[in-house]
Amino acid sequence: MLPILKIRVGGRTVGHTARVANLRQSVSDPGATAARGRWLARGAWLLAATEVVLAVRNHVNDRLSEKDRQRMVEIVKASKGRPSNLSDRQRKELKSLLNQVEPRELAKTVATSGFASRFAKGMRRK
């Protein structure tokens with residue numbers, strides 16, 4: 001194995017010594033490469049989740065005013081997760097707000113995102 005050149009300037013190591021060391025370790029140790037792949041896969045899922053969250057936020061913000069979004073949150077909090085806790089008026093109002101969000105369009109937006117479409121290809125049966 002080749003020695004790693006370490007140049008210290010002002011108490012800090014400069015250059016690409018850490019990257020070279022990681023590359024050398026990955027080449028010489030398949031287990032290290034596999035561990036790095038698992039780390040990247042976890043990062044990919046995090047990116048996918050972030051992409052979906054941003055798509056939902058942008059979709060809802062485009063279709064509902066701030067007042068409507070606050071009202072929707074109030075109704076959902078009042079329901080405590082149970083539709084039976086809402087009055088008929090609140091249920092109608094929530095249904096109206098949800099219709100403004102256009103859930104089908106939201107589903108299309110999320111399903112056609114770059115990462116989701118790559119993920120769906122792996123899910124399709126051959």
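**Exercise 1. Find out what share of the chain is buried, and describe its overall make-up.**

*Solution.* Start with burial: in this predicted model, 14% of the 126 residues of the chain count as buried. Next, turn to the surface. The accessible surface of the chain comes to about 10400 Å², and carbon and sulfur atoms hold 59% of it. Then list the secondary structure, which comes to 6 helices and 2 strands. Read from the N terminus, the order of these elements is β-β-α-α-α-α-α-α. Finally, look at the contacts in the chain with a separation of 6 or more: residues 24 or more positions apart account for 47% of them.

**Exercise 2. List the residues of the largest nonpolar core and say which helices supply them.**

*Solution.* Begin with the members. The core has 8 residues, namely V60, L64, M72, I75, L86, L94, L97 and V101. Now assign them to elements: α3 (66-79) and α4 (88-101) each give at least two residues to this core. The largest share comes from α4, with 3 residues. To see how one member is placed, pick L94. Setting aside neighbours within four places in sequence, L94 is in contact with M72, I75, V76 and L86.

**Exercise 3. Work out which side of α4 is buried and which is exposed.**

*Solution.* First check the geometry of the helix. With its 14 residues, α4 reaches 20 Å from its first C-alpha to its last, close to the 20 Å expected at 1.5 Å a residue. Second, pick out the buried residues of α4: Q90, L94, L97 and V101. These residues lie on the same side of α4, because they cover an arc of only 60° around the axis. A general rule helps here: an α-helix has 3.6 residues a turn, so residues three or four places apart point the same way. Third, turn to the other side of α4, where D88, R89, K92, K95 and N99 are exposed. One last detail sits just after the helix: E102 takes a positive phi of about 60°.

**Exercise 4. Decide whether V101 is buried or exposed, and name the residues it touches.**

*Solution.* Locate the residue first: V101 lies in helix α4. Now apply the cut-off. Buried means under 20% relative accessible area, and V101 counts as buried because its relative accessibility is 7%. For its partners, leave out residues up to four places away in sequence; V101 then touches H59, V60, R63, L64 and M72. You can also look at C-alpha distances. V101 and D62 are 39 residues apart in sequence and 8.6 Å apart in space. N61 and V101 are 40 residues apart in sequence, with 8.9 Å between their C-alpha atoms.

**Exercise 5. Compare H59 and N61 in helix α2.**

*Solution.* Place H59 first: it belongs to helix α2 (residues 30-63). N61 is found in helix α2 as well. Next, read their accessibility. H59 counts as buried because its relative accessibility is 4%, whereas N61 is partly exposed, with a relative accessible area of 36%. Then follow the side chain of H59, which reaches the backbone oxygen of V101 at 2.5 Å. To finish, collect the contacts of H59: not counting residues up to four places away in sequence, H59 touches V101, E102, E105, L106 and T109.

Note on methods: Residues numbered from 1 in each chain as written. Predicted model: local features only at pLDDT ≥ 70, side-chain atom pairs only at ≥ 80, totals over all residues. Heavy atoms only, no water. Core = buried A, V, L, I, M, F, W, Y, C linked by side-chain atoms within 4.5 Å. Buried < 20%, exposed > 50% of the residue type's maximum accessible area, 1.4 Å probe, protein only. Helix = DSSP H or I, 4+ residues; strand = E, 2+ residues; numbered from the N terminus. Contact = heavy atoms within 4.5 Å. Areas by Shrake-Rupley, 256 points an atom, 1.4 Å probe, with all protein chains shown as cover. Expected span 1.5 Å × (residues − 1). Arc of directions from axis to C-beta. Polar contact = N/O pair within 3.5 Å; in protein donor to acceptor, adjacent residues only side chain to side chain.
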